[in-house]
Each structure stands twice: as structure tokens, then as C-alpha cells.
Amino acid sequence: SYSNVSFNPELDDDTFRFEPPANATVTENELSLGATHDSRAALEANATLSVPAPSLPPDFEFARGRRSSFNGTETVSVVYTNETARLTVSVYDFGRALGGNGSFNTTGEPVRLGERNGTYSRAGLYRSVSWSCEGRQYSVSASGLSKPFLVEVASSIECE
């Protein structure tokens with residue numbers, strides 16, 4: 001049982017105000033949720049990164065694209081769908097965020113993507129292949145698609 005319950009109580013704004021300690025360093029991050037684009041051409045026109053162009057079976061179609069940024073690190077993601085699956089291809093410009101080395105810490109099973117090394121990860125039905133190339137991090141991810149399919153798609157993407 002509950003007692004003394006109130007709904008929509010009046011709360012003073014100071015209840016939610018955070019005052020950091022005097023010796024704290026406060027950093028404000030720049031976050032842009034970016035924009036969603038309904039065509040590949042619109043995404044390409046508005047992104048500073050090259051939009052990945054995977055080789056996909058003809059039943060996969062462009063569904064939407066998104067560009068966003070966090071502290072100057074741009075991300076471009078493209079979603080392709082068919083009747084049963086949704087596949088996301090992303091590129092992250094982590095070079096500046098990681099001191100210019102462009103490496104990204106991943107865990108999983110090593111895979112070969114043509115001449116490149118990548119990492120395959122799996123969590124339940126979600127599967128992902130990721131790799132670093134030319135100072136950028138790439139990933140291909142989907143639910144329910146096979147590892148060989150994701151590796152083939154990842155292998156088809158040019159580093160730019």
C-alpha cells in the first residue's frame with residue numbers, strides 16, 4: 001500500500017540545478033543530432049564525409065541516411081532495407097577525436113575484408129562488422145543477417 005502520494009507536485013527549479021564543486025573542470029560538448037535525409041543524393045550533398053556505397057543485392061533499397069556530429073567528429077549512416085532485413089552502413093571520422101590515429105577499439109572475432117582486417121561482433125540477433133581505414137571507422141550492422149553476408153558487404157566498401 002502507498003500513502004501520502006502526490007501527482008504533479010510543484011517542484012522548485014533549484015531541485016534540478018547542478019552546481020559543480022569549485023575545483024571541478026566543466027567541459028561542454030558540442031552535439032549535433034544532424035539531419036535525416038530521404039535520398040542518397042541529399043545525404044551526399046549535406047555530408048562532409050564520403051557516403052559509403054556498398055554492393056548489395058537488388059532487393060535492398062535506400063531507406064534513409066543520417067549525418068550527425070559530436071565535438072567535431074562527423075558520422076554518416078545509411079540504412080538499406082528489403083522485405084525481411086534492415087542493414088546499416090556507417091562511417092565515423094574519429095581521426096580528430098583520437099589524436100589523428102583513426103584507430104577505434106573493438107572487440108570480437110577477427111575477419112578479413114579483402115586486403116583489410118576487420119572485427120565481427122554478435123549480440124543476440126544483432127551482428128556487426130567494423131574496421132578502420134584512412135583515419136575513419138566503418139561498420140556494417142544488421143539483425144538476423146549472416147556473418148558471411150555482412151563480411152561480403154563490408155568487403156565491397158571502398159575506403160575514402
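How many salt bridges does the structure hold? The structure, which is a predicted model, holds 3 salt bridges, and the points below take them up after a look at the overall fold.

1. Overall architecture. The protein chain has 2 helices and 8 strands, and, read along the sequence, these elements follow the pattern β-α-β-β-β-β-β-β-β-α. Of its 160 residues, 34% are buried, while the surface that the chain exposes comes to about 10,600 Å², with carbon and sulfur atoms supplying 48% of it. Among contacts with a separation of 6 or more, 48% are accounted for by residues 24 or more positions apart.

2. Helix H2 and its packing. Helix H2 spans residues 147-155, and its buried residues are Phe149, Leu150, Val151, Val153 and Ala154. The buried residues of H2 pack against strands E4 (86-92), E5 (109-113), E6 (116-123), E7 (126-133) and E8. The N-terminal end of H2 is capped by Ser146, a side-chain oxygen of which lies 3.1 Å from the backbone nitrogen of Phe149.

3. The salt bridge between E5 and H2. The side chains of Glu109 and Lys147 meet in a salt bridge, with an N to O distance of 2.3 Å; this pair links distant parts of the chain, since Glu109 belongs to strand E5 and Lys147 to helix H2, 38 residues apart. Glu109 counts as partly exposed because its relative accessibility is 36%, and Lys147, with a relative accessible area of 26%, is partly exposed as well.

4. The other two pairs. Side chains of opposite charge can pair when their charged atoms come close. Arg40 forms a salt bridge with Glu44, the closest N and O atoms being 3.2 Å apart; because these residues are 4 apart in helix H1 (residues 40-46), about one helical turn separates them. Arg40 is partly exposed at 22% relative accessible area, and Glu44 is partly exposed at 42%. Arg17 forms a salt bridge with Asp14, where the closest N and O atoms are 2.2 Å apart, and Asp14 counts as partly exposed at 44% relative accessibility.

5. A buried serine in E8. Ser139 lies in strand E8, residues 136-143, and is buried because its relative accessible area of 10% falls under the 20% cut-off. Leaving aside neighbours within four places in sequence, Ser139 is in contact with several residues, including Thr88, Tyr92, Ser128 and Trp131.

6. A nonpolar patch on the surface. Tyr2, Val5 and Phe7 make a nonpolar surface patch of about 470 Å². Phe7 is found in the segment before strand E1 (31-37), and Phe7 counts as exposed because its relative accessibility is 72%.

Technical notes. Residues are numbered from 1 along each chain as its sequence is written. This is a predicted model: local features need pLDDT of at least 70, side-chain atom pairs count only at pLDDT 80 or more; totals for chains, interfaces and linings use all residues. Side-chain values use heavy atoms; hydrogens and water are left out. Patches are made of residues with over 30% relative accessible area and no salt bridge: like charges are joined within 9 Å, nonpolar side chains (Val, Leu, Ile, Met, Phe, Trp, Tyr) within 5 Å. Accessible areas come from the Shrake-Rupley method with a 1.4 Å probe; for residues, only the protein chains shown count as cover. A salt bridge is a side-chain nitrogen of Lys or Arg within 4 Å of a carboxyl oxygen of Asp or Glu. Buried means under 20% relative accessible area, exposed over 50%, partly exposed in between (1.4 Å probe, protein chains only). Contact means heavy atoms within 4.5 Å. A polar contact is a pair of N or O atoms within 3.5 Å; within protein, one must be able to donate a hydrogen and the other to accept it, and residues adjacent in sequence count only if both atoms are side-chain atoms.
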